[in-house]
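Biologist: Could you take a close look at one part of this model for me and then connect that part to its surroundings? I would enjoy a patient walk, with the distances included.

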Amino acid sequence: MSEPRTSADAFDSSFDPADYSADGYATVDQGLAEVIDLPSNGGAQGTESSRGRLQELDSLAGKIALVTGAGAPDGIGFAIATRLRLAGAAVAIVSTTKRIHERAEEIGAIGFVADLADEAEVGGLADAVAEALGEVDILINNAGLTSKSDPAVVKPVAQLSYADWQTEVTRNLDTAFLVSRAFVQSMAERGWGRIVNVAATTGVVTAVPAEAAYAAAKAGVTGLTKALATEVVADGVTVNAIAPGLIRTGSSTVPELQKGLDGPMGRPGSPEEVAAAAVFFCAPSASYITGQTLVVDGGKSLRA
């Protein structure tokens, strides 16, 4: 059992007309004006104070996060979990194998083994995380990305069986739905939450032959993101997605890495670069962003 969670001051994004002057500008002692309007004559002391306020707005101290699909040491999920820990959050991570406990030990997290395509196991996971850490504030739906041990189904549509189709949709879309459903109501009831879904450029901004099921599932993730965002927008919960392009992970194939070398930046991306985008959406200061998908592909999708 972990130590009791500590509370953190919530980022106040409420609107009060009294906070605004006649010309419509916020007064200097209100909200983000304390951060944006840096003192002109305060010297080093004023700068340090403002920097501390900025750090406070991005701090996740006192928050509890769950990252799915974080078992690979060189994968996107583990990179996100690591960055959340560095931001101060207490973190639970989950995968389908016991190697998750090794990852958890490496970053001071708690690991769980569960099949997130199984409705009953997702319910059990929700109960276990709540018992170990408390109610989840931040959910990263990363599970679904394929690995060398569980490769994607790559077949033209004409050769794709219904079972193949269901495998890809279940792995990439159903898991995001089941896990989001298990945690979003608690977030809404407490008036604060962050859900970040990991989609992909495939299906969102590009398409690849023989990967129709994967593309459809990842496009579905962005549709789920937008729809869920509208449902909880008034409850202090934001729902966003990131769409990674060619990222160098342990499951990357040589042809995939070669495509990364051929991109505008001349290299594939790193899991840490994707993690930075995901954790950006989790910050208290990102409270006015919801229903959005951020493409992380080094500009590759800009090329015809």
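Modeller: Happy to! One cut-off first: a residue counts as buried when its relative accessible area is under 20%, as exposed when that area is over 50%, and as partly exposed in between. Please also keep in mind that this is a predicted model.

That cut-off places arginine 85 straight away. Its relative accessible area is 30%, so arginine 85 is partly exposed. This arginine sits in helix H3, which covers residues 76-86. Leaving aside residues up to four places away in sequence, arginine 85 touches Ala90, Val91, Ile107 and Gly108. With one of these there is a polar contact: the arginine 85 side chain comes to 3.3 Å from the backbone oxygen of glycine 108. Looking back along the chain, arginine 85 and alanine 61 are separated by 24 residues in sequence, and their C-alpha atoms are 9.0 Å apart.

Now to the part I would like to dwell on, helix H5. H5 runs over residues 119-132, which makes 14 residues. From first C-alpha to last the helix reaches 20 Å, close to the 20 Å expected at 1.5 Å a residue. What happens at its two ends? At the N-terminal end, aspartate 118 acts as a cap, with a side-chain oxygen 2.9 Å from the backbone nitrogen of alanine 120. Beyond the other end, H5 is followed by glycine 134, which has a positive phi, near 125 degrees.

Which residues of H5 are buried? They are Val122, Leu125, Ala126, Val129 and Ala132. Viewed down the helix axis, these buried residues fall within an arc of 140 degrees, so they line one face of H5. The other side of the helix carries Ala120, Asp127 and Glu131, which are exposed. Alanine 120 therefore appears twice in this picture, since its side of the helix is exposed and its backbone nitrogen is the atom that aspartate 118 caps, with exposed meaning over 50% relative accessible area.

What does the buried face meet? Its packing partners are the strands E1 (64-68), E2 (90-95) and E3 (110-113), together with helix H6 (162-190). H5 and H6 have a charged link as well. A salt bridge joins glutamate 119 to arginine 181, and the closest N and O atoms are 2.6 Å apart. Glutamate 119 belongs to H5 and arginine 181 to H6, so the pair ties together parts that are 62 residues apart in sequence. Arginine 181 has a relative accessibility of 43%, so it counts as partly exposed. As background, side chains of opposite charge can pair when their charged atoms come close.

Following H6 a little further, we find glutamate 168 in that helix. Is glutamate 168 buried or exposed? It is buried, at 0% relative accessibility. Apart from residues up to four places away in sequence, glutamate 168 touches Ala152, Val153, Leu173, Ala213, Tyr214 and Ala217.

Strand E1, one of the partners of H5, leads us to leucine 60, which lies in the loop between helix H2 (43-58) and E1. Leucine 60 is buried, at 1% relative accessibility. Its contacts beyond four places in sequence include Leu84, Ala87, Ile138 and Val279. The C-alpha atoms of leucine 60 and alanine 87 are 5.4 Å apart in space, although the two residues are 27 places apart in sequence.

To set the H5–H6 salt bridge in context, the structure holds 7 salt bridges. Among them, aspartate 164 and lysine 155 pair at 2.8 Å, N to O. Aspartate 164 is buried, with a relative accessible area of 15%, whereas lysine 155 is partly exposed at 32%. There is also a network of salt bridges that links Glu102, Arg103 and Glu106.

Stepping back, the protein has 9 helices and 7 strands. Of its 304 residues, 41% are buried. Among contacts between residues at least 6 apart in sequence, 69% join residues at least 24 apart.

Methods
Residues numbered from 1 in each chain as written. Predicted model: local features only at pLDDT ≥ 70, side-chain atom pairs only at ≥ 80, totals over all residues. Heavy atoms only, no water. Helix = DSSP H or I, 4+ residues; strand = E, 2+ residues; numbered from the N terminus. Expected span 1.5 Å × (residues − 1). Buried < 20%, exposed > 50% of the residue type's maximum accessible area, 1.4 Å probe, protein only. Arc of directions from axis to C-beta. Contact = heavy atoms within 4.5 Å. Polar contact = N/O pair within 3.5 Å; in protein donor to acceptor, adjacent residues only side chain to side chain. Salt bridge = Lys/Arg side-chain N within 4 Å of Asp/Glu carboxyl O.
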